[in-house]
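Here's a quick tour of one protein chain, taken a few residues at a time. Have a look at the model, then read on.

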Amino acid sequence: MLIIKCPYCEEERAELEFRAAGEAHIARPANISAISDEEFADYFFLRDNPKGLIFERWRHMHGCGRFFNAARDTVSDKILLTYKAGEPMPDPATLVASAEPKGDKA
């Protein structure tokens with residue numbers, strides 16, 4: 001089970017209190033009525049599913065009810081960071097580097 005920290009409540013809770021709400025930081029087309037049906041389908045239905053770091057939206061359903069974003073590693077299923085909706089996406093390279101295990105240096 002995931003333990004997720006809500007950035008609004010500032011408390012860690014079991015994932016049972018939360019609902020995943022899809023990929024975060026999806027750019028909406030500037031003029032959605034001007035795009036083709038294929039472009040609309042791509043925007044509306046298709047999402048990345050990378051192996052490794054992904055940015056997702058979550059909702060604290062059984063808490064404050066607010067949406068927030070999370071950086072999660074899809075390999076380990078570990079949530080590296082949560083942050084409030086509307087805040088900029090953190091630098092992926094920095095997150096990956098901070099999540100890597102530190103080896104012994106002799």
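How far from a polar atom of the Thr-82 side chain does the backbone oxygen of Lys-5 lie? The separation is 2.7 Å, and we'll come back to that pair below.

## Ground rules

What you're looking at is a predicted model, in which local features need pLDDT of at least 70, side-chain atom pairs count only at pLDDT 80 or more, and totals for chains, interfaces and linings use all residues. Residues are numbered from 1 along each chain as its sequence is written, and side-chain values use heavy atoms, with hydrogens and water left out.

## The overall picture

The protein has six strands and two helices, and going from the N terminus the order is β-β-β-α-β-β-β-α. (Both kinds of element are DSSP runs numbered from the N terminus: H or I with at least four residues for helices, E with at least two for strands.) The radius of gyration is 16 Å, well over the 13 Å from the globule rule for 106 residues, so the protein is more spread out than a compact globule. That radius is taken over C-alpha atoms, and the rule is 2.2 Å times the number of residues to the power 0.38. Along its principal axes, the C-alpha trace spans about 60 × 40 × 25 Å.

Buried residues make up 22% of the 106, where buried means under 20% relative accessible area, exposed means over 50%, and partly exposed is in between (1.4 Å probe, protein chains only). About 7,600 Å² of the protein is exposed, with carbon and sulfur atoms supplying 51% of that; the areas come from the Shrake-Rupley method with a 1.4 Å probe, and for residues only the protein chains shown count as cover. Of the contacts (heavy atoms within 4.5 Å) with a separation of 6 or more, 47% are between residues 24 or more positions apart.

On the charge side, there are 14 positive and 18 negative side chains, and the centres of the two sets lie 6 Å apart. Lys and Arg count as positive, Asp and Glu as negative, while His and the chain ends are not counted. Each charge is placed at NZ of Lys, CZ of Arg, CG of Asp or CD of Glu.

## Strand E4: Glu-56 and Trp-58

Glu-56 sits in strand E4, residues 53-59, and Trp-58 lies in E4 too. Is Glu-56 buried or exposed? With a relative accessible area of 10%, Glu-56 is buried; Trp-58 is buried as well, at 7%. Their side chains are joined by a polar contact of 3.1 Å. (A polar contact is a pair of N or O atoms within 3.5 Å; within protein, one must be able to donate a hydrogen and the other to accept it, and residues adjacent in sequence count only if both atoms are side-chain atoms.)

Leaving aside neighbours within four places in sequence, the contacts of Glu-56 include Gly-22, Glu-23, Phe-68 and Arg-72. On the same basis, Trp-58 is in contact with residues including Leu-2, Ile-4, Phe-18, Phe-67 and Phe-68. Ala-70 is also one of the Trp-58 partners; the C-alpha atoms of these two, twelve residues apart along the chain, are separated by 7.1 Å.

## Glu-23 in strand E3

Glu-23 belongs to strand E3, residues 19-23, and is partly exposed at 22% relative accessibility. A polar atom of the Glu-23 side chain lies 3.0 Å from the backbone nitrogen of Asp-48. Not counting residues up to four places away in sequence, Glu-23 touches Arg-47, Asp-48, Phe-55, Glu-56 and Arg-57. Its C-alpha is 12 Å from that of Ala-85, 62 residues away along the chain.

## Back to Thr-82

Thr-82 is in strand E6, residues 79-84, and counts as buried at 16% relative accessibility. Beyond four places in sequence, Thr-82 is in contact with Ile-4, Lys-5, Pro-7, Phe-68, Asn-69 and Ala-70. Lys-5 is the residue from the opening question, with its backbone oxygen 2.7 Å from a polar atom of the Thr-82 side chain.

## Two loops with positive phi

Glu-10 isn't a glycine, yet it has a positive phi of about 60 degrees. This residue is in the loop between strands E1 (3-6) and E2 (11-14), and is exposed at 58% relative accessibility.

Asp-77, also not a glycine, has a positive phi near 65 degrees. You'll find Asp-77 in the loop between strand E5 (67-73) and E6, partly exposed with a relative accessible area of 35%.
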